[in-house]
Amino acid sequence: SSDLNYRFDKINKNLSFVVYGGDDESDLIQIIAIKKPEIQSVNFICIPPDYTSLPEYTLDENQSSWLVLENSKISISGVSSKILTRVEVLFNNTELKIKNSKLNAKLFSAILESDQVKSGTYEINVFDEDNITKKPGSSFSLVVSGDKLPEINTKWRYHSELITLNAQAPCLWNAKDDYGLAKVGLHLYSVNKDESNTEVASENLFVHTADVVKEKSGSYKLLLSNYSLKVGQQLLLYLEVNDFLVRNTVSFSRSNVTRFAVVSEEDFEKYILSKEQALIVEVEKTIKEMEDCQISTASIMDSMKKTNDMDSNHIRELNTIEKKQKFIEQKNATIISRFSYIMNDLEVNQIKDENDANKLRIKNKIMNPLSEINQSLIPVAMQYALSARINADKNGKIKALGDLFKSQAKIIVEYNKILKDMKKWEGYYETVGMLKEIIKEQKNLIDKTESNKKENIKGVFDE
């Protein structure tokens with residue numbers, strides 16, 4: 001006797017065969033090829049979280065990987081080549097328990113719940129009546145992104161760390177979120193001695209109603225007189241934006257924290273004076289810098305008259321003059337900006353009386369002349385310096401240097417006018433401050449005298 005072994009490598013259709021051996025043969029053997037169920041088509045629909053108010057959308061079937069928002073659901077539906085009895089979904093080779101799956105002959109559907117939607121690889125397999133499946137069936141990948149925090153930006157039209165009880169500080173704000181804003185609120189705190197905070201006020205600037213609002217801008221004016229505050233308190237202020245609830249937590253962001261010290265009007269005026277005194281120093285430095293430029297210009301002129309030529313050292317000096325004048329122009333812009341802050345801060349704090357005249361003086365006697373220097377005088381000086389450097393004619397160079405020297409002198413004259421006015425008002429405010437102190441002391445003395453009189457009268461009647 002002997003054994004016979006034969007292997008059919010691939011059976012893809014029904015077969016019938018007989019085995020012959022010696023004088024014998026087997027009965028007719030039939031092999032019926034059972035086809036495995038195949039997924040002929042499949043669709044994927046992403047269902048965004050309810051709070052986004054976004055509609056469902058079909059994922060592109062030409063892609064094998066999709067980016068979806070965290071907390072979304074995925075609806076799967078498809079058609080198989082055979083009648084089905086079961087469908088399985090694997091995530092990273094582990095079977096998921098699908099609560100919402102349906103079979104109807106060759107049709108199947110399943111829903112991945114939000115807690116089953118994660119970054120990774122998924123595989124769908126379908127089983128026929130004989131529990132036969134073809135693996136892998138259909139596979140896809142997801143990349144799940146978290147909901148970004150909302151954004152809040154503020155722009156306070158106030159630049160001082162000191163503030164008075166009469167202040168009306170305006171603020172512009174902008175808030176946005178990819179899927180919708182819930183609310184924007186303002187929070188005001190008083191800082192205690194141990195640096196702990198006590199809430200003074202909390203106000204909603206925007207609250208979501210029916211429609212989804214992804215971006216909102218607004219303006220707010222902080223009126224300190226609306227709150228029970230006292231001179232000497234330290235305040236903390238910020239805006240906060242919330243988006244919608246995600247998994248029972250709230251996503252929020254805060255603006256930069258602004259800190260103020262509440263002071264009296266007298267102390268605020270002293271503070272403003274100190275700011276202007278600091279700017280006086282800056283203007284004095286600027287005058288010295290322009291005088292240095294003028295000295296350098298005169299030195300080049302004298303040297304050219306002796307040598308009848310402009311050498312490389314002269315060129316370098318002219319380049320330096322141009323750079324210094326450009327720096328002075330930039331410095332001017334900064335000084336103008338700082339004076340603009342002073343005017344704005346006086347207005348925000350409702351400082352009236354003589355400060356109204358001060359604001360006009362700052363505008364007409366300081367800011368406008370400084371702007372004129374920047375817009376007209378320095379550009380002319382820059383042009384003369386350039387002309388002196390590139391002019392091929394010696395006499396042309398000397399003339400340009402002379403014009404540069406004169407334009408520098410004109411700038412210095414204008415600066416000195418500005419400085420004289422600043423110092424005059426510095427003395428005026430120092431005098432006004434002294435008078436206010438005298439008046440305050442006199443009032444205290446009168447109050448004390450009146451109090452003593454009342455005590456003396458009370459003493460007489462008590463006897």
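Visitor: What makes β18 and β19 a hairpin, and which residue in the turn has a positive phi?
Guide: In this predicted model, β18 and β19 form a hairpin with 5 residues between them. Glutamate 195 sits in that turn and has a positive phi of about 70 degrees.

Visitor: How do you know that β18 and β19 pair?
Guide: Two strands need at least two bridges to count as paired. β18 and β19 have 9 bridges, in the antiparallel sense, so they pass that cut-off. For one example, valine 184 has phenylalanine 206 of β19 as its bridge partner.

Visitor: Why is strand β18 called largely enclosed?
Guide: Buried means under 20% relative accessible area. In β18, which covers residues 181–191, 10 of the 11 residues are buried, so the rest of the structure largely encloses this strand.

Visitor: Okay, what about valine 19: why does it count as partly exposed?
Guide: Partly exposed lies between the 20% and 50% cut-offs. Valine 19 comes out at 32% relative accessibility, so it counts as partly exposed. You'll find it in the loop between β1 (15–17) and β2 (20–21). Together with Leu4 and Ile29, Val19 makes a nonpolar surface patch of about 250 Å².

Visitor: Back to hairpins. What do β11 and β12 form, and how many residues lie between them?
Guide: They form a hairpin with 2 residues between them, and alanine 105 in the turn has a positive phi of about 60 degrees. β11 (residues 101–104) and β12 run antiparallel, joined by 4 bridges. Asparagine 104 has leucine 107 of β12 as its bridge partner. β12 is also joined to β8 (residues 73–80), again antiparallel, by 6 bridges. There, serine 75 is matched with isoleucine 111.

Visitor: Which side chains of β12 point to one face and are buried?
Guide: Phe108, Ala110 and Leu112 do, while Leu107, Ser109 and Ile111 point to the other face and are not buried. That fits a general pattern: in a regular strand, side chains alternate between the two faces of the sheet.

Visitor: Last one: in the sheet β7-β14-β13-β9-β10, why are β7 and β10 said to stand at the edges?
Guide: That open sheet has 5 strands, in the order you gave, with mixed pairing. β7 (65–69) and β10 (94–95) each have a single partner strand, so one side of each is left without a neighbour in the sheet. Within the sheet, β9 (residues 84–91) and β13 (residues 120–128) pair in the antiparallel sense over 7 bridges. Leucine 90 has its bridge partner, glutamate 123, in β13.

Technical notes
Residues are numbered from 1 along each chain as its sequence is written. This is a predicted model: local features need pLDDT of at least 70, side-chain atom pairs count only at pLDDT 80 or more; totals for chains, interfaces and linings use all residues. Side-chain values use heavy atoms; hydrogens and water are left out. Patches are made of residues with over 30% relative accessible area and no salt bridge: like charges are joined within 9 Å, nonpolar side chains (Val, Leu, Ile, Met, Phe, Trp, Tyr) within 5 Å. Accessible areas come from the Shrake-Rupley method with a 1.4 Å probe; for residues, only the protein chains shown count as cover. A salt bridge is a side-chain nitrogen of Lys or Arg within 4 Å of a carboxyl oxygen of Asp or Glu. Buried means under 20% relative accessible area, exposed over 50%, partly exposed in between (1.4 Å probe, protein chains only).
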